[in-house]
Amino acid sequence: MSKQKILTYLYFTLLVLDVFGIVYPEIIYRKYVTFLPFPILMLLYFVSLKKMNWLYTIALFSTFLGILFFKLSMHFKIALIFYGIGVCIYVVLALKTAIVIPTQTIFKATIPFLIVYLVPLFLYYEAVNFEIFNYILFYVFFVGLFVFISVLIYIHQQNRTNLWLFSSGIIFLISTIIHGYHLFIEQLDVLRVGIVITFLIMHYTMYRYVILQQINAMSQNQPKVHSK
């Protein structure tokens, strides 16, 4: 079995253990399990390709720092900053590989963007502590932009690679709404389970997109051999 398959199975095994830690805290202690999936995802990326994309590597590291600070209640603002930086880099990665997109496609994708960006703000505005509202606005803006770009790219060019990007964006939308409801409206275990599942699957689908993009780019850059 290849290293990629082993690490992929390990990543999703840790996802399941993290979920079980929420449902059965007396059996699985989440304090350490919850930090493990992202280092495994980083390692999975490192063994998948010989040439690393440093932007993507920084995005993963920034998100991991966000996870660390998020677990410390006194550092919630710093966590949002690192999360926002990670998502911003995801946006840059998607835009770097995007081709010219027609105006009609942009209009089609504008509605999902507005839904992502405005609806959660209206729903959670009164429940959000004003002191952290600007940090949440910073993070949610890049989430909405990422969803907008991922939908836009897939509408314009539907292929297997962009489907991974599209899936990442839609799952991120669901994850963000669930997370907001859990933080500011009602804290339920079922929501915590949804947050863990959508958050980790979202980042895995983005990993798949980055890998396929790099493989496609390398295959296009290889010199063609002409037969005599």
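Helices are taken here as DSSP runs of H or I spanning at least four residues and numbered from the N terminus, and in this predicted model T176 is placed in helix α8. With a relative accessible area of 15%, T176 falls under the 20% limit and is therefore classed as buried. The side chain of T176 reaches the backbone oxygen of F172 at a distance of 2.8 Å, and, when neighbours within four places in sequence are set aside, T176 is in contact with Y139 and V143.

A second threonine, T205, is found in helix α9, which covers residues 189-221. T205 is buried, its relative accessible area being 5%. Apart from neighbours within four places in sequence, the residues in contact with T205 are W164, S167, S168 and I171.

The largest nonpolar core comprises 57 residues, and those with the most contacts inside this core are Y56, Y90, F146 and M206. Two or more residues are contributed to the core by each of the helices α1, α3 (37-48), α4 (54-70), α5 (76-97), α7 (130-156), α8 (160-184) and α9, with α7 giving the most, at 13 residues. For Y56, once residues up to four places away in sequence are excluded, the residues touched are L41, Y45, Y90, L93, H203, M206, Y207 and V210; Y90 and M206 thus appear both in this list and among the core residues with the most contacts. As a general tendency, nonpolar side chains in soluble globular proteins are buried together.

Nonpolar side chains also occur at the surface, where V16, F20, V23, Y24 and I27 make a patch of about 470 Å². One of these residues, F20, lies in helix α1, which runs over residues 3-23. F20 is described as partly exposed because its relative accessible area, 41%, lies between the limits of 20% for buried and 50% for exposed residues.

With respect to charged side chains, the structure holds one salt bridge, which is formed by D189 and R192, with the closest N and O atoms 3.1 Å apart. Because D189 and R192 are three residues apart in helix α9, about one helical turn separates them. Both partners are partly exposed, D189 having a relative accessible area of 45% and R192 one of 28%. In general, side chains of opposite charge can pair when their charged atoms come close.

Conventions
Residues are numbered from 1 along each chain as its sequence is written. This is a predicted model: local features need pLDDT of at least 70, side-chain atom pairs count only at pLDDT 80 or more; totals for chains, interfaces and linings use all residues. Side-chain values use heavy atoms; hydrogens and water are left out. Patches are made of residues with over 30% relative accessible area and no salt bridge: like charges are joined within 9 Å, nonpolar side chains (Val, Leu, Ile, Met, Phe, Trp, Tyr) within 5 Å. Accessible areas come from the Shrake-Rupley method with a 1.4 Å probe; for residues, only the protein chains shown count as cover. A salt bridge is a side-chain nitrogen of Lys or Arg within 4 Å of a carboxyl oxygen of Asp or Glu. Buried means under 20% relative accessible area, exposed over 50%, partly exposed in between (1.4 Å probe, protein chains only). Contact means heavy atoms within 4.5 Å. A nonpolar core is a set of buried Ala, Val, Leu, Ile, Met, Phe, Trp, Tyr and Cys residues joined through side-chain atoms within 4.5 Å. A polar contact is a pair of N or O atoms within 3.5 Å; within protein, one must be able to donate a hydrogen and the other to accept it, and residues adjacent in sequence count only if both atoms are side-chain atoms.
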